[in-house]
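Me: Can you walk me through this one? I'd like to go by contacts, then odd backbone spots, then the surface.

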Amino acid sequence: MSQPHDQSGAAPDPGDPLTGPLPAAAVPSGPPPSWTPPSGPSPGAPEQAGPAHAAPAPTDVRRFLSAADFLDRRIEEADLGPASWGWRGRVRRWSGGLVRPRMGTAETAYEQDRRAIQRELAGPRTIAFINPKGGAAKTTGVLAAGFTFGTVRGGGVVAWDNNETRGTLGIRGTRGAHRNTTRELLVDLGRFEDVHRSRIGDLGAFVRSQGDAHFDVLASDERADVTGQIRADDFNAVHRLLERFYRIVLVDTGNNMRAENWLAAADAADLLVVTSTVRVDTGYSGLWMLDALQDAGYADLKHKTLTVLSDPSPEVDAALARDLTDVYEQRTRGVHRVPYDPVLVSGSVVPYARLSEDTRRSWLTACAAMAAAL
């Protein structure tokens, strides 16, 4: 009998388990089973993309520093430089720079405050100084803040007297060659409507330069024969104009918190600064005002508000100062004490160059906190 052949024509090898005949035990009996296709891909077939073959998503993806992140970190970690103050500064100078001690705590804090004030802002920012009681140091506070922001930032700052009738910012700031005020600016506001033709230099006819203090003052109406008041629409029109030309707008408010322009200033402000002296009446007035704003529905009032507490005399009631600090810390994001300065007592033009070192340092810290809140 001839041996069976495969399709290639070669005779199978009886001893080859692959080509030889199957043993009897391996031959299935009965009908052949039905064929079920394999669940996986056939051998040799390329893998198909799908959930069964997808790699598990990493639970912790590492983020690498970008080039911008690298530079930002270098700036944040930059050394402030060698000491200039105190014994550390003297050692550096005496050694001709061969010994360069690091800054002490006070000098480091000073430089950090300056950096905070100089930080970039995403747009113009408005700070309103508020307290419905007269004599609460709003005007001196605005001028001191204008001097601090102006000198440290190098300009781009305006202090605006937003009194509905007549305020004193114009007579406390350096007097200019003209006597124009917010009232005259409102009359001539049309000349600034064309944004392509109006220039910041054109505002020189209405604002008063503060010289080496590097900020301008826009005074309130000073004429005795004017009876009209500044309305909310007036405030908004002037505010839009000032925001076009200045990065920081400091608003000195009046004493009537029910006036339209007072409420408009509170609405427009990015930060409210409650000014008060260490006195019961001015402290109470500021707290009453916060109660009224809270009841009126002003959102996030604590985060949007900061307090500057000024000493009205060389000696103040220490217990009262502690009480006022404690209660205002509960109501606002922070309290900053400003010492008594005799050059501010006369009520005349503020002599910026004669402010005491303690006054300058205290306002630097307060303005750094304001800048951080913007």
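Me: Is D281 buried, partly exposed or exposed?

Reply: D281 counts as partly exposed, because its relative accessibility is 28%. Keep in mind that this is a predicted model.

Me: What does the D281 side chain meet in a salt bridge?

Reply: K133. The N to O distance between D281 and K133 is 3.7 Å. The cut-off for a salt bridge is 4 Å, so 3.7 Å falls within it.

Me: Where do D281 and K133 sit?

Reply: D281 is in helix α9, residues 280-295. K133 is in the loop between β1 and α4. The pair therefore ties together parts that are 148 residues apart in sequence.

Me: And K133, buried or exposed?

Reply: In between. K133 has a relative accessible area of 27%, so it is partly exposed.

Me: Which residues are linked with D281 in a network of salt bridges?

Reply: K133 and R279 are linked with D281 in that network.

Me: How many salt bridges does a search of the whole structure find?

Reply: Eight. Among them is a bridge between the side chains of D113 and R361, at 3.1 Å from N to O.

Me: How many residues apart are D113 and R361?

Reply: 248. D113 belongs to helix α3, residues 105-118. R361 belongs to helix α12, residues 357-373. The bridge links distant parts of the chain.

Me: Is D113 buried or exposed?

Reply: Buried. D113 has a relative accessible area of 15%, and the buried class covers values under 20%.

Me: What does R337 pair with?

Reply: D311. Their side chains meet in a salt bridge at 2.8 Å, N to O. R337 lies in strand β8, residues 335-338, and D311 in the loop between β7 and α11. They are 26 residues apart.

Me: How do R337 and D311 rate for burial?

Reply: R337 is partly exposed, because its relative accessibility is 35%. D311 is buried, with a relative accessible area of 16%.

Me: Switching to rings. How many aromatic pairs are there?

Reply: Four. One of them is W160 with F235, which is stacked. The ring centres are 4.8 Å apart, with 10° between the planes.

Me: Which elements does the W160 and F235 pair tie together?

Reply: Strand β2 and helix α7. W160 lies in β2, residues 157-162, and F235 in α7, residues 232-245, so the pair joins parts 75 residues apart in sequence. Both W160 and F235 are buried.

Me: What about F192 and F206, stacked or edge-to-face?

Reply: Edge-to-face. The planes of F192 and F206 meet at 65°, and the ring centres are 6.2 Å apart.

Me: Where are F192 and F206?

Reply: F192 and F206 both lie in the loop between α6 and β3, 14 residues apart in sequence. F192 counts as buried at 2% relative accessibility. F206 counts as buried at 4%.

Me: Which residues form an aromatic cluster?

Reply: F147, F215 and Y352 form one.

Me: Backbone next. What is odd about A137?

Reply: A137 has a positive phi of about 70° although it is not a glycine. Most residues other than glycine have a negative phi. A137 is in the loop between β1 and α4. At 18% relative accessibility, A137 counts as buried.

Me: And what is the phi of H214?

Reply: Positive, about 60°, and H214 is not a glycine either. H214 sits in the loop between β3 and β4. H214 is partly exposed, with a relative accessible area of 42%.

Me: Now the surface. Which residues form the negative patch?

Reply: D317, D323, D326 and E329. D317 lies in the loop between β7 and α11. It is partly exposed, with a relative accessible area of 46%.

Me: Last one. How far apart are the C-alpha atoms of S209 and A177?

Reply: 9.7 Å, with their positions 32 residues apart along the chain. S209 is in strand β3. S209 is partly exposed, because its relative accessible area is 48%.

Note on methods
Residues are numbered from 1 along each chain as its sequence is written. This is a predicted model: local features need pLDDT of at least 70, side-chain atom pairs count only at pLDDT 80 or more; totals for chains, interfaces and linings use all residues. Side-chain values use heavy atoms; hydrogens and water are left out. Patches are made of residues with over 30% relative accessible area and no salt bridge: like charges are joined within 9 Å, nonpolar side chains (Val, Leu, Ile, Met, Phe, Trp, Tyr) within 5 Å. Accessible areas come from the Shrake-Rupley method with a 1.4 Å probe; for residues, only the protein chains shown count as cover. Lys and Arg count as positive and Asp and Glu as negative; His and the chain ends are not counted. The place of a charge is taken as NZ of Lys, CZ of Arg, CG of Asp or CD of Glu. Helices (H or I, at least four residues) and strands (E, at least two) are DSSP runs, numbered from the N terminus. Buried means under 20% relative accessible area, exposed over 50%, partly exposed in between (1.4 Å probe, protein chains only). Rings of Phe, Tyr and Trp (its six-membered ring) pair if their centres lie within 6.5 Å; planes under 30 degrees apart count as stacked, over 60 as edge-to-face and the rest as tilted.
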